[in-house]
Amino acid sequence: PQQPQPCGPYLPLKSGERVSYHKPPWREPPAPKHHQLTTLYEDSDVLVVFKPAGLQVLPGGGFQDSTVLGYLAKREQRKQQK
């Protein structure tokens, strides 16, 4: 078998050729320390948090975990472990 060869996005494929893509591991930059959620109020129905400016709500734009959704998911995991 032939060794894999790197190719660009405009290389036409021939019949029987295969393409594989190897995505490098995700390395998220650390969120600034001031981008932490603060719980203002919580009861069995409501959770109110202080979201600092600049902290993303949903994953995207280079951040997958350091978001409001990510912090809340981690918080819930910790509660489940207790």
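A strand here is a DSSP run of E, at least two residues long, and strands are numbered from the N terminus. By that rule, tyrosine 41 lies in strand S1. Keep in mind throughout that this is a predicted model.

**View 1. A nonpolar patch sits on the surface, with tyrosine 41 as one of its members.** The residues to look for are Leu40, Tyr41, Val46, Val48 and Phe50. Together they offer about 460 Å² of accessible area. Two elements give two or more residues each to this patch: strand S1 (38–42) and strand S2 (47–50). Tyrosine 41 has a relative accessible area of 43%. Since partly exposed covers the range between 20% and 50%, tyrosine 41 therefore counts as partly exposed.

**View 2. Glutamate 42 pairs with arginine 75.** Side chains of opposite charge can pair when their charged atoms come close. Here the closest N and O atoms are 2.4 Å apart. Arginine 75 belongs to helix H1 (residues 68–81) and glutamate 42 to strand S1, so this salt bridge ties together parts that are 33 residues apart in sequence. Is glutamate 42 buried, exposed or partly exposed? Its relative accessibility comes to 38%, so glutamate 42 goes down as partly exposed.

**View 3. Lysine 79 also meets glutamate 42 in a salt bridge.** The N to O distance for this pair is 3.5 Å. Lysine 79 is in helix H1 and glutamate 42 in strand S1, which makes the pair a link between distant parts of the chain, 37 residues apart. Lysine 79 is partly exposed, at 43% relative accessible area.

**View 4. Glu42, Arg75 and Lys79 form a salt-bridge network.** How many salt bridges turn up when the whole structure is searched? The count is two. The three side chains to pick out in this close-up are Glu42, Arg75 and Lys79, linked in a network.

**View 5. The largest pocket holds about 560 Å³ of space.** Rolling a probe the size of a water molecule over the atoms shows where empty space is left. Which residues line the largest pocket? Gln2, Gln3, Pro4, Gln5, Pro6 and Cys7 are among them, and the lining also includes Leu11, Leu13, Glu17, Arg18, Val19 and Ser20. Sorted by class, the lining of the largest pocket has six nonpolar, four polar and two charged residues.

Terms used:
Residues are numbered from 1 along each chain as its sequence is written. This is a predicted model: local features need pLDDT of at least 70, side-chain atom pairs count only at pLDDT 80 or more; totals for chains, interfaces and linings use all residues. Side-chain values use heavy atoms; hydrogens and water are left out. Patches are made of residues with over 30% relative accessible area and no salt bridge: like charges are joined within 9 Å, nonpolar side chains (Val, Leu, Ile, Met, Phe, Trp, Tyr) within 5 Å. Accessible areas come from the Shrake-Rupley method with a 1.4 Å probe; for residues, only the protein chains shown count as cover. A salt bridge is a side-chain nitrogen of Lys or Arg within 4 Å of a carboxyl oxygen of Asp or Glu. Helices (H or I, at least four residues) and strands (E, at least two) are DSSP runs, numbered from the N terminus. Buried means under 20% relative accessible area, exposed over 50%, partly exposed in between (1.4 Å probe, protein chains only). On a 1 Å grid over the protein atoms alone, a cavity is a set of points where a 1.4 Å probe fits but cannot get out, and a pocket is an open set with protein on both sides within 12 Å along at least five of seven lines; lining residues have an atom within 4 Å of a point. Grid points are joined across faces, edges and corners, and a volume is the space filled by probe spheres set on the points. Ala, Val, Leu, Ile, Met, Phe, Trp, Tyr, Cys and Pro count as nonpolar, Asp, Glu, Lys and Arg as charged, and the others, Gly among them, as polar.
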